[in-house]
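This report describes the side-chain packing and pairing of one protein chain. The sequence and the structure are shown below.

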Amino acid sequence: MTLAADTRPLLLLVDDESTNLQVLRHILQEDYRLLFAKEGARALEMAERERPDLILLDVMMPGMTGYEVCEQLKENPLLQAIPVIFVTALGDVDDEARGFEVGAVDYITKPVSPPIVRARVRTHLSLVRVDELKQTRLQIVQRLGMAAEYKDNETGLHVIRMSHFSKVLALAAGFSESAAEELFIAAPMHDVGKIGIPDAVLRKPGKLDEQEWQVMRQHVEIGARIIGEHSSGLLRTAQLIALSHHEKWDGSGYPNGLSGEDIPLEGRIVAIADVFDALTSVRPYKQAWTVEAAVDFLREQSGRHFDPRLVELFIACLPEILLIKERWAEQPAA
């Protein structure tokens, strides 16, 4: 008979005193898998090999202090996300401040209280799971956006670049950090409705005729239906963007012919980010425009296609935009 794998969270307990490790073991062993280390170098070695979910770390140890161990953990990209809780007899405010400076998430003083240890560990493991869920949600949304892009023109990084551009512009336009982050996560779904457009239209190498263009324009409503109706939150933002990013400031856009500030601000922001990246990227039907040419186009279309205020804010943010463009550049085919 095969025994089920032990899926309890894995904790690394680090203290040079065996007695202290035993105390923590009795407090935590029922709910967690436990690893033990009695000095800093060994703790770093075990952390790299075992990748624990959380580390409880003494400060005053011979050879390498807990502060030094924490600093090295935070310098390692593979380990820096592991939460570290200091467990120490040092209780001064300066000691606690030092612990937070080197990257710890919490500070428990000895002698420890079992309920406090259990509560702090549970809290920080919950926060890790929340962060993981947020990251997973972002990855799913980006890949959904990429699915539409690959069906269209095989520029899968477009949705990543334009979502970063959108966040930069949103912050410049006065969005809060949390609202800009929500826009960043929602933006990759702007063209998800292209999944429902026939390949004969979507991949046609030449210019679309009027009937084909009417089919193509349906992708905004298809995208809105895929995302669904929501009263608030991320998916409501995503639906707003899907429906409004092809509207134009002068009212000549689609699907509803909205104009000016009747167009949702999120859609106006994504329209600029989307067009700028499309213009400056290679597509099967065109070469990439220069940044200068794309900026000239934005200025030309200011007050026609695009919100004039947002155009000027976007141009003011160009140094940051170009860093993003370089970071997420398409790789040439091998």
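Which residues are buried in helix 10 (residues 219-227)? In this predicted model, the buried residues of helix 10 are His219, Val220, Ile222, Gly223, Ala224 and Ile227. Helix 9 (210-217) and helix 11 are included in what covers them. Just after helix 10, Gly228 adopts a positive phi of about 90°.

**Helix 1**

Helix 1 (residues 18-28) has Leu21, Leu24, Ile27 and Leu28 as its buried residues. Viewed down the axis of helix 1, these buried residues fall within an arc of 125°, so they line one face of the helix. The face turned away from that buried side carries the exposed residues Thr19 and His26. As a general point, an α-helix has 3.6 residues a turn, so residues three or four places apart point the same way.

**Nonpolar cores**

The largest nonpolar core comprises 42 residues, and those with the most contacts inside it are Ile272, Phe276, Phe314 and Ile321. At least two residues of this core are supplied by each of helix 5, helix 6, helix 7 (177-186), helix 11 (234-244), helix 12 (265-279), helix 13 (291-301), helix 14 and helix 15 (318-327). Helix 12 provides the largest share of this core, with eight residues.

Which residues does Phe314 contact, leaving aside its neighbours within four places in sequence? With those neighbours set aside, Phe314 is in contact with Phe165, Leu169, Ile272, Ala273, Phe276, Leu298 and Ile321. Another core, of 25 residues, lies apart from the largest one; among its members are Leu79, Phe86, Val102 and Tyr107.

**Aromatic pairs**

Eight aromatic pairs are found in the structure. Phe86 and Tyr107 form one that is edge-to-face, with 6.2 Å centre to centre and 65° between the planes. This pair links distant parts of the chain, as Phe86 belongs to strand 4 (residues 84-88) and Tyr107 to strand 5, 21 residues apart. Phe86 and Tyr107 are both buried.

The ring centres of Phe165 and Phe314 lie 6.4 Å apart with their planes at 75°, so this pair is also edge-to-face. Here too distant parts of the chain are linked: Phe165 is in helix 6 (residues 158-172) and Phe314 in helix 14 (residues 308-316), 149 residues apart. Both Phe165 and Phe314 are buried.

Tyr67 joins Phe86 and Tyr107 in one aromatic cluster. The ring of Tyr67 also has the charged end of Arg98 sitting over it, 5.2 Å from its centre. A similar arrangement involves Arg327, whose charged end sits over the ring of Trp328, 4.2 Å from the ring centre.

**Salt bridges**

Side chains of opposite charge can pair when their charged atoms come close. The count of salt bridges in this model is 15. The table gives three of them, with the N to O distance for each.

| Salt bridge | N to O distance |
|---|---|
| Glu45 and Arg49 | 3.5 Å |
| Glu50 and Arg49 | 3.1 Å |
| Asp106 and Arg120 | 3.2 Å |

Glu45 and Arg49 are four residues apart in helix 2 (residues 40-50), so about one helical turn separates them. Glu45 is partly exposed, at 42% relative accessibility, and Arg49 is likewise partly exposed, with a relative accessible area of 46%. Glu50, which also meets Arg49 in a salt bridge, is partly exposed at 33% relative accessible area. Arg42, Glu45, Arg49 and Glu50 are linked in a network of salt bridges.

The salt bridge of Asp106 with Arg120 has its closest N and O atoms 3.2 Å apart. This pair links distant parts of the chain, with Asp106 in strand 5 (residues 106-109) and Arg120 in helix 5 (residues 114-152), 14 residues apart.

Is Asp106 buried or exposed? Asp106 has a relative accessible area of 12%, so the residue counts as buried. Its partner Arg120 is partly exposed, with a relative accessible area of 29%.

Terms used
Residues numbered from 1 in each chain as written. Predicted model: local features only at pLDDT ≥ 70, side-chain atom pairs only at ≥ 80, totals over all residues. Heavy atoms only, no water. Salt bridge = Lys/Arg side-chain N within 4 Å of Asp/Glu carboxyl O. Buried < 20%, exposed > 50% of the residue type's maximum accessible area, 1.4 Å probe, protein only. Phe/Tyr/Trp six-rings, centres within 6.5 Å; stacked < 30°, edge-to-face > 60°. Lys NZ or Arg CZ within 6 Å of the ring centre and 35° of its normal. Core = buried A, V, L, I, M, F, W, Y, C linked by side-chain atoms within 4.5 Å. Contact = heavy atoms within 4.5 Å. Arc of directions from axis to C-beta.
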